[in-house]
There are 2 protein chains.
Amino acid sequence: MAYRAPVEDVLFFLKTCTSLPRLMEQGLVDLTLDVVEPVLEEAGKFAASVIEPLDRGADTEGCTLKDGAVTTPSGWKAAFQAWNAAGWNAVAAEADFGGQHLPTTLTSALTEFWNTASPSFGIGGVLTQGAIEALTAHGSPALQKTFLEQMVSGAWTGTMNLTESQAGSDLSALRAKAVKQADGSYRIFGTKIFITYGEHDIAENIVHLVLARLPDAPAGTRGLSLFVAPKYLVNADGTLGARNDVVCTGIEHKLGLHGSPTCTMTFGETGEGAVGYLVGEENRGLACMFTMMNNARLAVGIQGVAVAERATQRAFAYARERRQGKAASYGGAGMAPIIHHPDVKRMLLTMRAETDAARAICLMTADALDRSRRLADPVARASALAEASLLTPVAKAFSTDIGIEVASLGVQVHGGMGFIEETGAAQHYRDARIFAIYEGTNGIQAIDLVTRKLPQEGGDVVMTLIADFRDIADEVHALELPAFGRAGEKLAEAVDALGRATRIQLDRLGEENEKALAGATPYLRLFARAAGGAYLAKAALAAHKARLAGDSDPRHAARIALARFFAENLCPQAKGLEDIVEAGPSSLLTADPLLSLP
Amino acid sequence: MAYRAPVEDVLFFLKTCTSLPRLMEQGLVDLTLDVVEPVLEEAGKFAASVIEPLDRGADTEGCTLKDGAVTTPSGWKAAFQAWNAAGWNAVAAEADFGGQHLPTTLTSALTEFWNTASPSFGIGGVLTQGAIEALTAHGSPALQKTFLEQMVSGAWTGTMNLTESQAGSDLSALRAKAVKQADGSYRIFGTKIFITYGEHDIAENIVHLVLARLPDAPAGTRGLSLFVAPKYLVNADGTLGARNDVVCTGIEHKLGLHGSPTCTMTFGETGEGAVGYLVGEENRGLACMFTMMNNARLAVGIQGVAVAERATQRAFAYARERRQGKAASYGGAGMAPIIHHPDVKRMLLTMRAETDAARAICLMTADALDRSRRLADPVARASALAEASLLTPVAKAFSTDIGIEVASLGVQVHGGMGFIEETGAAQHYRDARIFAIYEGTNGIQAIDLVTRKLPQEGGDVVMTLIADFRDIADEVHALELPAFGRAGEKLAEAVDALGRATRIQLDRLGEENEKALAGATPYLRLFARAAGGAYLAKAALAAHKARLAGDSDPRHAARIALARFFAENLCPQAKGLEDIVEAGPSSLLTADPLLSLP
């Protein structure tokens, strides 16, 4: 099945719902809209023609480890090099080191395209970009000079070495050690697990960012320092020198993402220790790492959107071809294409609606990030940063949760064929499962949202956003257009439920913190129901205006139908979610008789 | 991780919530409760000690096909023979052919245990039992004599040959042909796909039940006849004769259930045609096949429960051992076992609550089946049959949907380890995915529920059941016990939402049939929210009474906590589901602009 990048919809959303046009007008983004379109188109073509054809084979073939060297799937290296050569690795980085410094809204769309074509391929670029950001923000000029240009070009890739077997969600338990040397460098010892692209054969060098602990460091996360430790040391002239003492000692046999090597990395295997260089200050490593983690969280959310998009396209294509039974809405001869059966329509529309809502949330998060970095006014920048911080856990957790749900529906649409690996639908179901776990589990995201993000500015940040959602609902309602059905009413109900639940959660913080935590996951889903509904409605309102202005693109009617479907079929869950946030936690905290049974 | 069959909970439920004690008292079931307990215990031990240890290896090893012969995983044949030798294959069949004729409530519990230990193993027995039932109900005495005794002992296994590549959900499109011979037998030609245990090495003979079409048969499902066609023909003395012209020409590479061979079966490969014998009357094959399909639907629902149970036990075990971070409810030293984190508790309790609710729905369906077969009064039998018919699609679809959801939560509880195949959690996520598809997709179940089951007796059947649910809610409410929290109120709300949505769906049938179909899936979930809540509450009320009577079993408190958790955290979804049933379908039926986009 051919993948078709959703260029028109992304472009329409960027034009009508984000700040991108305003940032361009004000010269804060050095681009024009007529450049954005061909960038999206070229990326879509590259993803569909170069990356996507490798994805099934990579799933089947997987990666192999022999004598410390990882072989990636056939075609991987050539595709990666072509991708670099076309400049796609460099789109986000700053210009100083060869980057194009494109706005995050646009680079997020590109991240989606690569990951739709193949998330095993796409995740490599996400990690490299994260490492670039950490070095750009916190690396010394010398480190930046040594590493960044090669990483931006894609000649070298980057990794994040955080997890150890005893320390996953809880980084305070990390044990890897770093010992300072006379020349100012460090020697790193320890074993890191689950390191994506920790070892591979697609680039000349691998730049590991590693969290480790100095001998005299305080316990907990305040004793973590961040280091850069390349696979090959770099000579003063920039050429590659000796092999560093960091080696891949195992790769995982995973449920999905078979094309992406997940490595156990041993630092100090020979006893010498891996040579590493401090990034930022000693014992401030976690703050530095969070620079890359926050952006990686948005990128992982986009991976959820990406796999959902692919599963949705595949399901639509199958449902148009596969014929079974009779359907009232099908007037043709013979059995009806199953897309005509109401229950199949429900699955397909749910897939499309969840995918587009998640994309909208991710793009609005990216837009807030762009404003936080590019607006001139520091107050406006701070306000945008708070909005981005609020939206990031929702973008990550909701998008990756629906990634799984949509991929699962995609299997279902295929019936028995969905369970057969060759069909391809099952791969999406396997691949999507990790996104809800890595870069902070979705439970951690929900806790982050409730305990750190809601209280920003005493709740003003979230309440302002909710008021924006309500304005959108009111605007839809006021139109009283048949095409919108009861969307205004249903969206308003969801937004109001979110408002009440937000107040409940804010009131719990402190004395009833356990209840706030117990309600965090349903609260996050409720947030996404309102936000997703509002952003789809925003796009639908823009589509309505375009139609009024004489634009006959049939996609406008589709946008309105989608926003209506979401409001009438997914927003109503908000009521129950509010109720669960309110009434659910007590039973959860009194369930010890149940939890303690053998 | 050791599997522990939930003997205590099943026994308690059978004793307090089903008709089993009454049927025993009245001599309609030839058993006593003190026999039921050791039967459950022995089955649990067999499942845990003989079957479960093979399950991971079978997933890794899979099945192979060479020269028409399928090799099953190591240990499979010995385990299957030991299972037969212990009499477990014979528990459900009637006594005439060596069966034990145990009540369906009890055999359903046993089906769960085998499938929890290994669904790849368990599904074989489900298919054989279905074939036994079809032959018992519709086979001629001669056919019964030839086949049933060997099938009941497990010496021979059974299959269901329905699906062809162009005919999955829509059996009217079947093309396999049967030609009558002078001796009264038939020759069958055609290719069937997705045939579970269609070929294997664990038994001496395989008894295929096959739907095919006579040359002069009417088009559609009224032209289907059912045949029995064994792998080896059977001599007059009961010994095995010539190899029949039915051969396995392919096995599938599947997402899960790797231990269960899924075969393409070619009838008439040599041109001679497979010898087959008519079961029931010509052109009445679908009705005969439905005998086995309805019972198989309940059994597949139980497979959903089974994998959910296994995933839940695995997640609890991991969450008690894995330590990360601090938790307010943990007073011990070092990092807290993650079971103490509220968000992990929510996942674990959701898994346990959904699993137990699904089991309760399946056991109540089985109970209605028992009453429909064993009660003396024909009116009471008919009424019980209508109840069983109503509950069957809910048991099948809800249990298999939550099978997937619970398995997915199980992966999530394991964090990164969940994505690693060796952990085992991922296998459940893969295995569970097919249950929502085979034996009638869950969409088909929802349509069956709404269009065929709700209108039974003008809606009286469903409304009577809903009134029963309301009585349970009222009883909980009236207790005003702190341990039940707001369970009575929340359950009543869910039941009332179901009542209103049922009325809406009934009113739609006929003129607004498309809307009824479009709302079928959320309606089924709503039904299960009310039913699951009511049945768990029924068990909790019995637990409360046991405690009042001085029984200090700590499981009673756990039962009450579970019913409360379900009512307060899962029943509230009912409101939104009612709203979606009511308001959702319009947008779905006006979404053509969206569905027709490329």
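Helices (H or I, at least four residues) and strands (E, at least two) are taken here as DSSP runs, numbered from the N terminus. The model described is a predicted one.

**Annotated C-terminal region**

With helix and strand defined in that way, residues 478–591 of chain A are 81% helix and 0% strand. The C-alpha atoms at the two ends of this stretch are 46 Å apart. An unreviewed UniProt entry annotates residues 478–591 of chain A as "domain: Acetyl-CoA dehydrogenase-like C-terminal".

**Relation of the two chains**

Chain B is superposed on chain A by a rotation of 180 degrees, with 0.0 Å of shift along the axis and an RMSD of 0.0 Å. The two copies are thus related as by a two-fold rotation axis. Within chain B, the residue that comes closest to this axis is B:G576, whose C-alpha lies at 2.9 Å. Of the interface residues of chain B, 99% are also interface residues in chain A, so the copies meet through the same surface.

**Strand pairing around β12 of chain A**

Strand β12 (residues 274–279) of chain A pairs with β5 (residues 186–196) of chain A. It is also joined to β7 (residues 224–230) of chain A. The table sets out both pairings, each with one pair of opposite residues.

| Partner of β12(A) | Sense | Bridges | Opposite residues |
|---|---|---|---|
| β5(A), residues 186–196 | antiparallel | three bridges | A:Y186 and A:G276 |
| β7(A), residues 224–230 | antiparallel | three bridges | A:F227 and A:L278 |

On β12(A), then, A:G276 stands opposite A:Y186, while A:L278 stands opposite A:F227.

**Internal cavities**

Searching the whole structure gives eight cavities of 30 Å³ or more. The second largest cavity holds about 60 Å³ of space. Its lining consists of A:W76, A:F80, A:F121, A:G124, A:G125, A:T128, A:T157, A:Y197, A:H200 and A:I202. Two elements of chain A, α4 (76–85) and α6 (119–138), give two or more residues each to this lining.

Which element supplies the largest share of the lining of the second largest cavity? That element is α6(A), with four residues. By class, the lining of the second largest cavity has five nonpolar residues, five polar residues and no charged residues.

Methods:
Residues numbered from 1 in each chain as written. Chains lettered and ligands numbered in written order. Predicted model: local features only at pLDDT ≥ 70, side-chain atom pairs only at ≥ 80, totals over all residues. Heavy atoms only, no water. Least-squares fit on C-alpha atoms with pLDDT ≥ 70 in both. Contact = heavy atoms within 4.5 Å. UniProt positions renumbered as here; feature names shortened; annotations may be inferred. 1 Å grid on protein atoms, 1.4 Å probe; cavity = no way out; pocket = protein on both sides within 12 Å on 5 of 7 lines; lining within 4 Å. Points joined across faces, edges and corners; volume = space filled by probe spheres on them. Nonpolar A, V, L, I, M, F, W, Y, C, P; charged D, E, K, R; others polar. Pairing = 2+ DSSP bridges.
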